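Open your viewer, put the model on screen and keep the selection box handy. We will go from stop to stop, and at each one you will find out what to select and what is there.

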Amino acid sequence: MGKLRAFACRHPVVVETLLWSIPALLFGAVLRILLTSYLPYAFWNADSRSFYTFTQKFIQHGWFSLGDKRRYLYPLLLLPISELPGGVLRWLPIFQHAFGLITLVPLAYVVRKTLVFWRVWIVPITVVYAGLPLILWCEHELLGDHLFFALFIWTFAGWVAWVTQSAPERARRMFWAFLVPLALFIITKPHGRFVWPGLVLGLCLLQAWKLLRWPQWAALALVLVVTPTVGSNKQGAWLFYDAAFPLTRLDTPLHAEYKALLRERVERFRQQLGTYYAVQEEEPYYFLRDPEKHSDSPLWKKLSHDPALKNKIYFDLAFEAVKSRPDLFLYMGLQRVAFDANISTYETIHFADGAFTKRSQEYYDEAAADEDSPVRIAYALPSHGPIPTEEEFQRRVEPKPGSWAARTVRTIVNAYGTNLDFLRYTDPAYQPHQLSFVRPTFLGCWLLLGAALSLLPRYRRTLGVWMVLAVIYVFGVYIISVVNIHYIAPVWPVFFAVLAIPGDVILTKLSKWASRNAVTNPAPAR
């Protein structure tokens, strides 16, 4: 007890953070225990295979080969978990939900260190984040996104920890609390690279060259050097050209033979620029990924065997398109941001009774037909011969559909609804939304006010820097990508903290006014 008291005396902020995190930790723990009680296995989705390929090859063939698309952290973590009895999908919910819960503590730390009236804000911010449907479900999937979200928060907290230190020597030590999670965040998913512009601006604002020494700069440079090695160059070219596809210059000689084959598609999608975000992930997305499957042209067939040439053509056409109409390119990027901005964009249908087994059916069929399927390893199914019947498999992965636990979880995640939406859409129902019909909600206006106030001296070095970083990150990702709410989700903690700033400023002003009033008008002596 003496050591605990000594620790509390030396680190009062940490102790206060832990104590004020308890409501969110309890709420989050109950929610995750209930979810795991009726869905004991993590969900295997369309992207799980790419994350699990390394483990599959190692277990089945002894190969140690990290693919360029999914590299480093998450695939490596899956290997030791796969050695546990019951399969990786049985253990992932336990480990991932536990890490998600622990991550509520650095989020609480950010609130504690950055806001004046932190006692007012710390519980609602952490409790709301603990139950977000997207965060909860990503922790229940074989997907690196939950780790990406969590490491963003740890990096955010690490930044706050080191920039708020008054003693230079302690600030240099605390810098590592920022750099380590930053490095892990960067090597988790390729779009982590879009935090770099915001970080550079933040370091310039802080005049970090006056504080940091060569070990800190060397480590930061190393992380920067590693950044481009995360992700696939093939996917980058394909997504970039997909984002600029309707702007393709059809009248120039650059790769004219390929443009002739693209003309009909390009002209058709030019007619849909106002709603391109809604169709982008359909025909253009799949055509550009595998053009040889969607065209009989010998040119496309030949290109399928030359990925380097395909990447060059896509990059050339994309850059030419962007240079010709940068205004329209930015306009299409803004579309994607606007129509992924709301938390309610994520549908809670994943939590519905029977949804898990229905969406797992195709992967069960694959495992039944193919003994080399990674699904067999992930679910700990027999590596050879027949696997459990479909009914047995369904009882295993969703043993308690319709239980009170399932109903409770659905009630909680559905309660979020549109209450946290930043934008509303006034165009006709059942039609793809157009940007001209987008209006901010009250919460959206409040967020804009908070973003402006985050540049006040009290908040500038912490929340101000990270609000700028969040905006640059979001636009950087969406301008060369497709609509996917997983891209914007990492910055939600920043938005939640910034939403508290206007109220924090008001309470600070009222507190100062009350203090001055008490001095000028003291209470009469009795």
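Start by selecting serine 297, which counts as buried at 12% relative accessibility. Buried here means under 20% relative accessible area, exposed means over 50%, and partly exposed is in between, with a 1.4 Å probe and protein chains only. Serine 297 sits in the loop between helix H16 (283-289) and helix H17 (298-303). Helices (H or I, at least four residues) and strands (E, at least two) are DSSP runs, numbered from the N terminus. Now add tyrosine 258 to the selection: the two C-alpha atoms are 9.8 Å apart in space, while the residues are 39 apart in sequence.

A word on the model before moving on. It is a predicted model, in which local features need pLDDT of at least 70 and side-chain atom pairs count only at pLDDT 80 or more, while totals for chains, interfaces and linings use all residues. Residues are numbered from 1 along each chain as its sequence is written, and side-chain values use heavy atoms, with hydrogens and water left out.

**Salt bridges**

Keep helix H16 in view and select glutamate 283 together with arginine 268. These two form a salt bridge, with the closest N and O atoms 2.8 Å apart. The pair links distant parts of the chain, with arginine 268 in helix H14 (residues 256-270) and glutamate 283 in helix H16, 15 residues apart. A salt bridge is a side-chain nitrogen of Lys or Arg within 4 Å of a carboxyl oxygen of Asp or Glu. Side chains of opposite charge can pair when their charged atoms come close. Arginine 268 is partly exposed, at a relative accessible area of 29%, and glutamate 283 is partly exposed with a relative accessible area of 29%. Add Glu264 and Arg265 to see a network of salt bridges that links them with Arg268 and Glu283.

How many salt bridges does the structure hold? There are 15. For another one, select glutamate 366 and arginine 49, whose side chains meet at 2.6 Å, N to O. This pair also links distant parts of the chain: glutamate 366 is in helix H20 (residues 355-369) and arginine 49 is in helix H3 (residues 48-61), 317 residues apart. Arginine 49 is partly exposed, with a relative accessible area of 32%.

Next, select arginine 249 and aspartate 251, which meet in a salt bridge of 3.2 Å, N to O. Is aspartate 251 buried or exposed? Aspartate 251 is exposed, with a relative accessible area of 61%, whereas arginine 249 counts as partly exposed at 29%.

**Helix crossings**

Show helix H25 (residues 457-478) and helix H11 (residues 196-206) as cartoons. Their axes come within 8 Å and cross at roughly 155 degrees. Axes are lines fitted to C-alpha atoms, for helices over the stretch in contact, and angles run from 0 to 180 degrees between N-to-C directions. H11 and H25 are therefore roughly antiparallel to each other. Angles under 35 degrees count as roughly parallel, over 145 as roughly antiparallel, 65 to 115 as roughly perpendicular and the rest as oblique.

Keep H25 and bring in helix H19 (residues 326-338). The axes of H19 and H25 come within 8 Å and cross at roughly 115 degrees, so the two helices are roughly perpendicular to each other.

**Loop residues**

From H19, move to tyrosine 346 in the loop between H19 and H20. Tyrosine 346 counts as buried, at 10% relative accessibility. Its C-alpha is 22 Å from that of alanine 24, and the two residues are 322 apart in sequence.

Return to H11 and select glutamine 207, in the loop between H11 and helix H12 (214-226). Its phi is near 55 degrees, a positive value in a residue other than glycine. Most residues other than glycine have a negative phi. Glutamine 207 counts as partly exposed, at 37% relative accessibility.

Alanine 380 also has a positive phi, near 60 degrees. Look for alanine 380 in the loop between helix H21 (374-378) and helix H22 (390-397), where this residue is partly exposed with a relative accessible area of 40%.
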